[in-house]
Amino acid sequence: MGLIIYLGSLLGGWLDVKFDNHNKLYYKIITLISVAIAMFSVIYQVLKITNKDSDD
């Protein structure tokens, strides 16, 4: 989870520098998207584990 968010923030920072964006818009948007992806990934894994346990 942390790695996804960290890599997303690095990507956003790189895009801000590449496109000369002074208000860090790419950093904010890409970081929020990466947080959503990380949360979805964790929820999906937990649901998969709980469904596996209930089948036993």
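**Group meeting talk: two helices and the loop between them**

Okay, let's start with the surface: about 4,700 Å² of this protein is exposed, and carbon and sulfur atoms supply 70% of that. Keep in mind that we're looking at a predicted model.

So what is it built from? The protein has two helices and zero strands. Its radius of gyration is 16 Å, well over the 10 Å that the globule rule gives for 56 residues, so the protein is more spread out than a compact globule. You can see that in the C-alpha trace too, which spans about 55 × 15 × 10 Å along its principal axes. As for the inside, buried residues make up 16% of the 56 residues.

A quick word on charge. There are 5 positive and 5 negative charges in the protein, and their mean positions sit 11 Å apart.

Now let's walk along the chain. Helix H1 covers 2-18, and phenylalanine 19 lies in the loop between H1 and H2. Is phenylalanine 19 buried, exposed or partly exposed? With 48% relative accessibility, it counts as partly exposed, because that category runs between 20% and 50%. Go one step on to aspartate 20, also in the loop between H1 and H2, and you get 53% relative accessibility, so aspartate 20 counts as exposed.

Have a look at the backbone of aspartate 20 while you're there. Its phi is near 50°, which is a positive value in a residue other than glycine. Lysine 24, in the loop between H1 and H2 as well, has a phi near 55°, again positive in a residue other than glycine.

Between those two comes asparagine 21, and its place is in the loop between H1 and H2. A polar atom of the asparagine 21 side chain lies 3.5 Å from the backbone nitrogen of asparagine 23. What does asparagine 21 touch once we leave aside neighbours within four places in sequence? Asp16 and Tyr26.

Okay, on to helix H2, residues 25-55, where we find threonine 31. Tyrosine 27 is in helix H2 too, and these two residues are worth viewing together. The side chain of threonine 31 reaches the backbone oxygen of tyrosine 27 at 2.6 Å.

Why does threonine 31 count as buried? Its relative accessibility is 16%, and buried means under 20%. Tyrosine 27, at 36%, counts as partly exposed.

Now for their contacts, still leaving aside neighbours within four places in sequence. Threonine 31 is in contact with Gly8, Ser9 and Tyr26. Tyrosine 27 is in contact with Ser9, Gly12, Gly13 and Asp16. Try finding Ser9 on the screen: it's in the contact list of threonine 31, and in that of tyrosine 27. You can do the same with Asp16, which is in contact with asparagine 21 and with tyrosine 27.

Last stop, phenylalanine 40, which gives us two distances to finish on. How far apart in space are tyrosine 27 and phenylalanine 40? C-alpha to C-alpha they are 20 Å apart, with their positions 13 residues apart in sequence. For phenylalanine 19 and phenylalanine 40, which are 21 residues apart along the chain, the C-alpha atoms are separated by 29 Å.

That's my tour. Questions?

How values were computed:
Residues are numbered from 1 along each chain as its sequence is written. This is a predicted model: local features need pLDDT of at least 70, side-chain atom pairs count only at pLDDT 80 or more; totals for chains, interfaces and linings use all residues. Side-chain values use heavy atoms; hydrogens and water are left out. Helices (H or I, at least four residues) and strands (E, at least two) are DSSP runs, numbered from the N terminus. Buried means under 20% relative accessible area, exposed over 50%, partly exposed in between (1.4 Å probe, protein chains only). A polar contact is a pair of N or O atoms within 3.5 Å; within protein, one must be able to donate a hydrogen and the other to accept it, and residues adjacent in sequence count only if both atoms are side-chain atoms. Contact means heavy atoms within 4.5 Å. The radius of gyration is taken over C-alpha atoms; the globule rule is 2.2 Å times the number of residues to the power 0.38. Accessible areas come from the Shrake-Rupley method with a 1.4 Å probe; for residues, only the protein chains shown count as cover. Lys and Arg count as positive and Asp and Glu as negative; His and the chain ends are not counted. The place of a charge is taken as NZ of Lys, CZ of Arg, CG of Asp or CD of Glu.
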